[in-house]
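Reader: I have a chain open on my screen. Please take me through the labels and what justifies each one.

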Amino acid sequence: QVQLVESGGGLVQAGGSLRLSCAASGRTFSSYAMGWFRQAPGKEREFVAAISWSGGSTYYADSVKGRFTISRDNAKNTVYLQMNSLKPEDTAVYYCAAENPAAMGEYDYWGQGTQVTVSS
């Protein structure tokens, strides 16, 4: 089992920045690729960014590319999402998730989410 707890959400004006953190506990954090997802009201959950277990590879949704940066610190069992140049359409609940090492693209463990609200 992996337990994930997100933090760092809040209210920010358009153009501002936030850094989300996801602290992991349980089984070996460094074994897992990690992802960030978001869900806006009335919309389906969507992929935002992902990072390999080593941190050597990162992936982004087109909508956040160039504005968001995912990173991880395996010594601290934490993954981050730096969000810059925020837009009102980035408003959503943001979730971190751990990918199943045996099934790429399948995320087995999820945090409870943190709200990000961007005002115009």
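Author: Start with pairing: two strands pair if DSSP finds at least two bridges between them. Strands are DSSP runs of E, at least two residues long, numbered from the N terminus. β5 and strand β6 (residues 58–60) have three bridges and run antiparallel, so they count as paired. One caution: this is a predicted model, where local features need pLDDT of at least 70, side-chain atom pairs count only at pLDDT 80 or more, and totals for chains, interfaces and linings use all residues. Residues are numbered from 1 along each chain as its sequence is written, and side-chain values use heavy atoms, without hydrogens and water.

Reader: Which residue in β6 is the bridge partner of A50?

Author: Y59. The hairpin of β5 and β6 has six residues between the strands, and G55 there takes a positive phi near 85 degrees.

Reader: What makes β4 and β5 a pair?

Author: Five bridges join strand β4 (residues 34–39) to strand β5 (residues 46–51). The rule is met, so the strands pair. They run antiparallel, and F37 stands opposite F47 in β5. Six residues separate the two strands of this hairpin, and G42 in the turn has a positive phi of about 75 degrees.

Reader: Why is the contact of R38 and D90 called a salt bridge?

Author: The term needs a side-chain nitrogen of Lys or Arg within 4 Å of a carboxyl oxygen of Asp or Glu. For R38 and D90, N to O is 2.9 Å, so the contact qualifies. R38 sits in strand β4 and D90 in the loop between β8 (78–83) and β9 (92–99), 52 residues apart.

Reader: What makes D90 and R67 a salt bridge?

Author: Their N to O distance is 2.7 Å, so they pass as well. R67 lies in the loop between β6 and β7 (68–73), so the pair ties together parts that are 23 residues apart in sequence. R38, E46, R67 and D90 are linked in a network of salt bridges.

Reader: Are R38 and D90 buried or exposed?

Author: Both are buried, meaning under 20% relative accessible area (exposed is over 50%, partly exposed in between; 1.4 Å probe, protein chains only). R67 is buried too.

Reader: How do you know that D62 is exposed?

Author: Its relative accessible area is 65%, so the label follows. D62 forms a salt bridge with K65, the closest N and O atoms being 3.2 Å apart.

Reader: How many salt bridges does the rule give?

Author: Four.

Key. Helix = DSSP H or I, 4+ residues; strand = E, 2+ residues; numbered from the N terminus.
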